[in-house]
Amino acid sequence: MAEVALTEEELTQKHKKERKELQAQIQILKKSICKGDKKKKKEITEEIGCLEESLEKRQAEELSTWKLAHITLNDEQTEPEANEQANKNDCSEQQSTHRVSKAQKRREKKAIAEKERNQRIIEQEALNVFGKRNIEIEAIKMILMERDLIIYEIPSDGHCLYNAIAHQLKINGETPLSLHDLRTKTADYLRENMNDFLPFLSNPDSDELLTPEEYEKYCNDVAETSAWGGAVELQVLSRILKCPIEVIQATGAPYIVGNEYNNGKKVTLTYHRHMYELGAHYNSVTKSVQDEES
C-alpha cells in the first residue's frame with residue numbers, strides 16, 4: 001500500500017518506474033516464445049494479461065489510499081476549529097441541550113456522507129488514471145512523441161475510420177474526400193471484388209461465411225449506415241487511395257496495410273482497444289505544435 005510519507009509526485013514517479021519495469025519484463029516474455037509455438041504464445045499472453053491487471057489494480061489501490069489518507073489528515077486538522085465555532089454558536093444562541101444534540105447529529109451525518117463521497121471520487125479517479133484506457137493512451141502518446149506527432153481525436157460515432165482517413169488526406173494535402181465519399185468508394189470496391197474479400201467475412205451469429213445476399217447487405221451497410229470499419233475496410237481504403245496505411249497501437253509494432261505502394265504518400269492512424277466501452281476506435285494524428293516563444 002502507498003505510504004502517506006510519499007508526496008504525490010513521488011508516488012507518480014514510483015508507478016511510472018514500475019510500469020516501465022513491467023514493459024521490460026513483458027518484452028523478455030515475448031522473446032521467449034518460439035516461432036510457431038501457439039501453445040506457448042497463448043500461455044505467455046495470459047501471463048502478461050495477469051501481470052498488467054495485477055499492477056493496474058495495486059497502483060490504483062495505492063493512489064486511492066494516498067489521497068484518502070491526505071483528505072483524512074486535512075479533515076482532522078480542521079475538525080477542532082469547526083468544533084470550537086460550533087461551541088461558540090451554541091453558547092451565544094443559548095440553545096437547549098436537546099436542540100444542540102440534534103444539530104450535532106446532523107453535522108456528523110453530513111460530514112460522514114461528504115467523506116464517503118470524497119472516497120468514491122478518489123477511487124474512481126484512481127481507476128481512470130491507471131485503468132486500461134489511460135495506460136493505452138499514454139503508451140500511444142509515447143510512440144507518437146518520438147515522431148513529433150500527437151493524437152488528433154475523432155468522434156466515436158461508428159465513422160471513426162473514415163473520418164480519421166479524411167483528416168489525414170486533408171493535412172497531407174491530398175485530394176480531399178468526405179466521409180460519404182470514402183464510404184461509397186469502399187462499398188463499390190467491395191462489390192466489384194467480392195471474391196477477394198468474401199473469405200474474410202463471416203456471419204457473427206453463425207461464424208459461417210456470408211452468402212452473396214448477406215455480402216450485398218454488408219456493402220450497403222458500409223455505404224449507408226454508421227457501420228464500424230475494420231481490417232477489411234483498411235485493405236480496401238489502401239487500394240482506393242493507392243497508399244500505405246500505418247496503424248499505431250499501444251502494444252506491438254505498428255503495422256502497415258498496403259506496403260506495396262511506394263509513391264511517398266502515407267496515412268497514419270492510431271488504434272485504441274480500450275478508449276470507449278462500445279469497442280475499438282481509430283484516431284488520426286497531427287504534428288505536435290511547438291511553443292512559439294521557445
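## A walk through the predicted model

The largest pocket has a lining of 36 residues, and those nearest its centre are Gln23, Glu52, Ile135, Ala139 and Thr251. The structure is a predicted model, and the pocket is a convenient place to enter it. Rolling a probe the size of a water molecule over the atoms shows where empty space is left. In the largest pocket that space comes to about 1300 Å³. Five elements each give at least two residues to the lining: the helices α1 (8-31), α2 (38-93), α3 (97-130) and α4 (132-145), and the strand β4 (267-276). The largest share belongs to α2, with 11 residues. By residue type, the lining of the largest pocket divides into 14 charged, 13 nonpolar and 9 polar residues.

The elements around the pocket belong to a chain with 9 helices and 5 strands. In sequence order the pattern is α-α-α-α-β-α-α-α-α-α-β-β-β-β. Of the 294 residues in the protein chain, 30% count as buried.

Helix α5 can be checked for its length and its cover. This helix runs over residues 160-171, and at 1.5 Å a residue its 12 residues should span 16 Å; the end C-alpha atoms are 16 Å apart, which agrees. Most of α5 is covered, with 9 of its 12 residues buried. The buried residues in α5 are Cys160, Leu161, Tyr162, Ala164, Ile165, Ala166, His167, Gln168 and Leu169. Just after α5 comes glycine 173, with a positive phi of about 75°.

Positive phi also occurs at residues that are not glycine. Aspartate 148 is one of them, with phi at about 65°. Aspartate 148 sits in the loop between α4 and β1 (149-152), and its relative accessibility of 42% makes it partly exposed. Lysine 242 is another residue other than glycine with a positive phi, here near 55°. The place of lysine 242 is the loop between α9 (231-241) and β2 (245-248).

The next topic is charge pairing. Side chains of opposite charge can pair when their charged atoms come close. The structure holds 10 salt bridges, and several of them can be followed along the chain.

One salt bridge joins the side chains of lysine 265 and glutamate 174, at 3.9 Å from N to O. Lysine 265 is in the loop between β3 (255-257) and β4, and glutamate 174 is in the loop between α5 and α6 (179-192), so this pair ties together parts 91 residues apart in sequence. Lysine 265 has a relative accessible area of 28% and is partly exposed. Glutamate 174, at 27% relative accessibility, also counts as partly exposed.

Another salt bridge is formed by glutamate 216 and arginine 191, whose closest N and O atoms are 3.2 Å apart. Because glutamate 216 belongs to helix α8 (residues 212-224) and arginine 191 to helix α6, the pair ties together parts that are 25 residues apart in sequence. Glutamate 216 is partly exposed, with a relative accessible area of 33%. Arginine 191 is partly exposed as well, with a relative accessible area of 30%.

Arginine 239 and aspartate 196 also meet through their side chains in a salt bridge, at 3.7 Å from N to O. This pair links distant parts of the chain, 43 residues apart: arginine 239 lies in helix α9 and aspartate 196 in helix α7 (residues 194-197). The relative accessible area of arginine 239 is 26%, so the residue is partly exposed. Aspartate 196 counts as partly exposed at 39% relative accessibility. Elsewhere, Lys14, Glu18 and Arg58 are joined into one network by salt bridges that share partners.

Last come the cysteines. A disulfide is a covalent bond between the sulfur atoms of two cysteines. With a cut-off of 2.5 Å between cysteine sulfur atoms, the count comes to 0 disulfides. Cysteine 34 counts as exposed, at 52% relative accessibility. Cysteine 50 is likewise exposed, at 52% relative accessibility. Cys160, by contrast, is one of the buried residues in α5.

Conventions:
Residues are numbered from 1 along each chain as its sequence is written. This is a predicted model: local features need pLDDT of at least 70, side-chain atom pairs count only at pLDDT 80 or more; totals for chains, interfaces and linings use all residues. Side-chain values use heavy atoms; hydrogens and water are left out. On a 1 Å grid over the protein atoms alone, a cavity is a set of points where a 1.4 Å probe fits but cannot get out, and a pocket is an open set with protein on both sides within 12 Å along at least five of seven lines; lining residues have an atom within 4 Å of a point. Grid points are joined across faces, edges and corners, and a volume is the space filled by probe spheres set on the points. Helices (H or I, at least four residues) and strands (E, at least two) are DSSP runs, numbered from the N terminus. Ala, Val, Leu, Ile, Met, Phe, Trp, Tyr, Cys and Pro count as nonpolar, Asp, Glu, Lys and Arg as charged, and the others, Gly among them, as polar. The expected span of a helix is 1.5 Å times one less than its number of residues. Buried means under 20% relative accessible area, exposed over 50%, partly exposed in between (1.4 Å probe, protein chains only). A salt bridge is a side-chain nitrogen of Lys or Arg within 4 Å of a carboxyl oxygen of Asp or Glu.
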